[in-house]
Amino acid sequence: MNLHHLKVFLAVARAGSISRGAEALHISQPAVTREIRELESNLGLALFDRHPRGIEPTEGGQRLLQFAERIFALEQAAERDLRDLADLAQGELLLGASATLGAYWLPPLLNRFRDEHPGIFISLQVSNTREVLQQLDDALISLGLVEGPFPAGDYAHHLLARDQLLPVVGPSHPLAGRCGLSVADLQAHDLYMREPGSGARLSIEQAYAAHDLQARASVAINGTETLKRLIAGGNGIAWLSQLVVEDELRDGRLVRLDVHDLQIERDLHLLWRHDRRLSPAPAAFLQLLQGNIKTF
């Protein structure tokens, strides 16, 4: 069914005459008459009874009128909904983030975005870099925030911050307080790391390999908070983001080791798929983040 025909039919039915329908549509009366005749011909059904004082829908016309009113009400609702989406009055922001970014760096920015766009629904999934990349590939999220290396050619990306991983131990660890350590000195002690797929773990493994050493995990933990607590109360060494351990270093629950020959730095990135255009909400969040690059 031609929607233009249907629009003309609706205007005539509401106006009660061909002439008034033509006035409402700002087209000529003969054009309106032609549109109605073509619609009636296509349907094989008379839609109006003609009377000296105007026209009135037939039984078939009454039924079509009900559908036409619903169709164009939906059209108006769609226009309003998409206008609200474009104006950021509504929509959704689906994010995935690796642990450090999701737990420590991102929350104040989400609060700021929420203050500016209260109608936007925000969903954040915190996992690890490998899982965030998979979520992007599966279109489960629009934007991903990751730590450390990723296949740069596969994604559009924006540098968010530069972060340093610090070697930390509990205050009772044998190396706590010793000066002038080398990374080789750490090899005799248990190394606690995040799970495989973590961006932090990959950064550590690559840094050790550059020193012809292997980062062998004695314990692998899926969660930074658990890892910090194990280190604080045990004998392991962990390389943790400066973002994550600021409070514990300040109050003495953790101690930074004085390792002179190895610094592990990494870039924190925002990613999205090259082949998918960002909708208004993620595009606005990207614009917000572009002004927040930091070095920790």
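The expected span of a helix is 1.5 Å times one less than its number of residues. I note this at the start for helix α3, and I also note that the model is predicted.

**Entry 1: helix α3 and what follows**

I looked up the length of α3, which runs over residues 29-43. It has 15 residues, so its span should be 21 Å. I then took the distance between the end C-alpha atoms of α3, and it is 21 Å, which agrees.

Next I asked which residues of α3 are buried. They are A31, V32, E35, I36, L39 and E40. I wrote down that two of the names in this list, E35 and E40, are glutamates.

After α3 comes G44, and its phi is positive, near 65 degrees. L45 sits in the loop that joins α3 to β1 (48-51). I looked up whether L45 is buried or exposed. L45 counts as partly exposed because its relative accessibility is 43%, and the class lies between the limits of 20% and 50%. Together with M1 and L43, L45 makes a nonpolar surface patch of about 300 Å².

**Entry 2: the largest nonpolar core**

I went on to the inside of the model. How many residues are in the largest nonpolar core? It has 26 residues. Those with the most contacts inside this core are W105, L106, L145, L270, F285 and L289.

I then listed the elements that give two or more residues to the core. The strands are β3 (91-98), β5 (143-147), β6 (155-169) and β11 (264-273). The helices are α5 (99-105), α6 (107-116) and α11 (280-289). Which of them gives the largest share? It is α11, with six residues.

I picked F285 for a further look. Leaving out residues up to four places away in sequence, F285 touches L93, L95, L106, L109, L110, F113 and L143.

**Entry 3: E92**

I looked up E92 and found it in strand β3. E92 counts as partly exposed because its relative accessible area is 44%. Apart from neighbours within four places in sequence, E92 is in contact with I120, F121, A281 and P282. I also checked E92 against P107: the two are 15 residues apart in sequence, and their C-alpha atoms are 17 Å apart in space.

**Entry 4: salt bridges**

Side chains of opposite charge can pair when their charged atoms come close. I looked up how many salt bridges the model has, and the count comes to 14. I went through some of them.

The side chains of R63 and E59 form a salt bridge, at 3.8 Å from N to O. R63 and E59 are separated by about one helical turn because they are four residues apart in helix α4 (residues 59-86). Both R63 and E59 are exposed.

E116 and R112 also meet through their side chains in a salt bridge, with 3.6 Å from N to O. E116 and R112 lie four residues apart in helix α6, so about one helical turn separates them. I looked up the accessibility of each partner. E116 is partly exposed, because its relative accessible area is 43%. R112 is partly exposed as well, with 40% relative accessibility.

D163 and R266 form a salt bridge at 3.0 Å, N to O. This pair links distant parts of the chain, with D163 in strand β6, R266 in strand β11, and their positions 103 residues apart in sequence. Are D163 and R266 buried or exposed? Both are buried.

I also found a network of salt bridges, and it links D137, R273 and D275.

**Entry 5: positive phi outside glycine**

Last, I looked up residues other than glycine with a positive phi. A139 is one of them, with phi near 60 degrees. A139 lies in the loop between α7 (129-137) and β5. A139 is partly exposed, because its relative accessible area is 47%.

D212 is not a glycine either, and its phi is positive, about 60 degrees. The place of D212 is in the loop between α8 (199-210) and β8 (217-221). D212 counts as exposed because its relative accessibility is 73%, and exposed means over 50%.

Methods: Residues are numbered from 1 along each chain as its sequence is written. This is a predicted model: local features need pLDDT of at least 70, side-chain atom pairs count only at pLDDT 80 or more; totals for chains, interfaces and linings use all residues. Side-chain values use heavy atoms; hydrogens and water are left out. A nonpolar core is a set of buried Ala, Val, Leu, Ile, Met, Phe, Trp, Tyr and Cys residues joined through side-chain atoms within 4.5 Å. Buried means under 20% relative accessible area, exposed over 50%, partly exposed in between (1.4 Å probe, protein chains only). Contact means heavy atoms within 4.5 Å. Patches are made of residues with over 30% relative accessible area and no salt bridge: like charges are joined within 9 Å, nonpolar side chains (Val, Leu, Ile, Met, Phe, Trp, Tyr) within 5 Å. Accessible areas come from the Shrake-Rupley method with a 1.4 Å probe; for residues, only the protein chains shown count as cover. A salt bridge is a side-chain nitrogen of Lys or Arg within 4 Å of a carboxyl oxygen of Asp or Glu.
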